[in-house]
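Colleague: Could you take me through the charged pairs in this model, one at a time? Please add what is known of any enclosed space.

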Amino acid sequence: MSALDWDILRFTERYYERIWGGHKLRALYGKPVPENVRIGEAWLISDHPGDESVIAEGPFAGRTLQDLLAADAQALLGATARPTPSGRFPLLLKLLDSAESLSVQVHPDDDCAKRLGEPDVGKTEMWHVLQADPGSELICGLDPAVGREAFAHAVSGGSVETLLNRFPVQAGTSVFVAAGTVHAIGGGIVLAEIQQNSDLTYRIYDWGRLGSDGKPRELHLEKALEAVHFGSPHGGEAAPLACHAEDGAERTVLAACRQFAADHIACRGCYKRDTRGDSFHILLAKSGPLAVDVGQKTHTIDVAQAVLIPGQHEHYRVEGLGEFLDYYVPDLELDIIQLL
C-alpha cells in the first residue's frame with residue numbers, strides 16, 4: 001500500500017434516513033436511494049468510528065480512509081494538516097436534504113467536548129446551499145444580550161423561537177457556523193456541510209415534533225448550556241473573504257479557520273492549484289462534468305460528487321466548464337492572508 005501509488009480517491013457514499021429528510025438527493029442528483037425513504041444525509045467522505053469511508057475504485061478498492069491514514073498519515077494529510085487526537089481524518093463532508101426543519105441545536109468546541117468527557121472533538125462547520133425552495137430560512141445565533149439564565153428560561157417556557165436569528169437563503173449562500181453557535185437548518189434546503197470530524201450534537205428544541213416511535217426526541221439542554229457561546233453575535237450569510245481571477249478560473253474564499261477553509265472555484269476551461277503538498281484537498285462538484293488529475297489518471301466528477309486529493313500531491317488540475325467547492329486545511333498566512 002505504498003503512498004507512491006496513491007492517486008485521486010473516490011469513496012462509496014453512505015445515506016441516512018432522517019425524520020426531517022426528503023427526496024431531493026435522488027430527484028436532483030440521481031443518488032441511488034429508495035424512492036419511499038426520507039434520506040436526510042449523504043456522508044461523502046468520513047473517517048468517523050462506525051462510518052469509515054470505503055474506497056470505491058482503483059487498486060485500493062474496499063480499503064477505508066482509516067486504512068490509508070494508518071499506512072501513511074503524512075502522504076494522505078499533507079505536510080501540515082494533522083489527524084484528530086484519536087488518530088482520525090480531521091474533516092467530514094456531508095450533503096443534507098431538509099424537507100423539514102432540523103432541531104435547534106448546538107455543537108461544543110474542542111475544549112467543551114473535552115471538559116464534558118465526549119469521545120469526539122468539537123464541531124465547527126460551514127454550510128453552502130446547493131438548492132433552496134422559495135422562502136427557505138437558516139437559523140444561526142442568538143441576540144448577544146441573551147445570557148445563559150434567560151436562554152434556559154425561554155427553552156423551558158417554550159419561547160426559545162423568539163430568540164433565534166433567522167435569515168432567508170438561496171442557492172449559493174454560505175454560512176460559517178462556529179462551535180458554540182445555536183443553529184438550525186430550515187425546511188426546503190439542500191446544502192453541503194464541511195465540518196470537523198465529530199458527531200456531537202446537543203438538541204435544544206424540536207418544534208414539538210415526535211420521533212418515529214411516536215415520542216418526543218431526546219433533548220440535551222444541560223450539555224447545550226455548557227456549549228453555547230453566549231454573547232457572540234452571528235452575522236448570517238457569510239461574505240466572501242477574497243476573490244482571485246486568473247486565466248480559465250475564478251477562486252473565491254468562502255470561509256477559513258484553523259480547522260478548514262472552503263473555496264468556490266468557477267472553472268472556465270482550466271484551473272491549476274499549487275498546494276505545496278501542505279494539505280489534502282476535497283473537491284465537490286456543483287456543476288460539470290469536470291476532469292480532475294494530479295498527473296496520473298484523469299477522474300471525472302459531476303454535480304454532487306466528491307473526490308479526495310491526497311496531501312502528498314503538490315498540485316492538481318481541473319478542466320471543464322463548471323463550479324466546484326475545494327475544502328482543505330489552510331496555512332492561514334499563505335492561503336488566505338496573502339490572497340486578501
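Modeller: This is a predicted model. Start with the pair R63 and D67, which form a salt bridge. Their closest N and O atoms are 3.4 Å apart. R63 has 36% relative accessibility and counts as partly exposed. D67 is partly exposed as well, with a relative accessible area of 28%. Both values fall between the 20% limit for buried and the 50% limit for exposed, so "partly exposed" is the label for each.

Next comes R217, which forms a salt bridge with D206. Here the closest N and O atoms are 2.9 Å apart. R217 lies in the loop between β13 (202-205) and α6 (221-227), and D206 lies in the loop between β13 and α6, so the pair ties together parts that are 11 residues apart in sequence. The two ends have their own labels. R217 has 21% relative accessibility and counts as partly exposed. D206 has a relative accessible area of 6% and is buried. The cut-off matters here: buried means under 20%, so R217 at 21% is not counted as buried.

Salt bridges can also share partners. In this model, such sharing joins R251, D263, R273, R276, D278, D326 and D335 into one network.

Now D51 and R14. These two form a salt bridge, with the closest N and O atoms 3.4 Å apart. The pair links distant parts of the chain. D51 sits in strand β4 (residues 51-52) and R14 in strand β1 (residues 14-22), 37 residues apart. D51 is buried, at 6% relative accessibility. R14 is partly exposed, with a relative accessible area of 30%.

For the whole structure, the count is 30 salt bridges.

That leaves the enclosed space. Rolling a probe the size of a water molecule over the atoms shows where empty space is left. A search of the whole structure finds 1 cavity of 30 Å³ or more. The largest cavity holds about 40 Å³ of space. Its lining is made up of R273, D274, T275, R276, D278, S279, H281, Y328, V329 and D335. By class, that lining has 2 nonpolar, 3 polar and 5 charged residues.

The network and the cavity can be read together. R273, R276, D278 and D335 belong to the salt-bridge network. R273, R276, D278 and D335 also line the largest cavity.

Note on methods
Residues are numbered from 1 along each chain as its sequence is written. This is a predicted model: local features need pLDDT of at least 70, side-chain atom pairs count only at pLDDT 80 or more; totals for chains, interfaces and linings use all residues. Side-chain values use heavy atoms; hydrogens and water are left out. A salt bridge is a side-chain nitrogen of Lys or Arg within 4 Å of a carboxyl oxygen of Asp or Glu. Helices (H or I, at least four residues) and strands (E, at least two) are DSSP runs, numbered from the N terminus. Buried means under 20% relative accessible area, exposed over 50%, partly exposed in between (1.4 Å probe, protein chains only). On a 1 Å grid over the protein atoms alone, a cavity is a set of points where a 1.4 Å probe fits but cannot get out, and a pocket is an open set with protein on both sides within 12 Å along at least five of seven lines; lining residues have an atom within 4 Å of a point. Grid points are joined across faces, edges and corners, and a volume is the space filled by probe spheres set on the points. Ala, Val, Leu, Ile, Met, Phe, Trp, Tyr, Cys and Pro count as nonpolar, Asp, Glu, Lys and Arg as charged, and the others, Gly among them, as polar.
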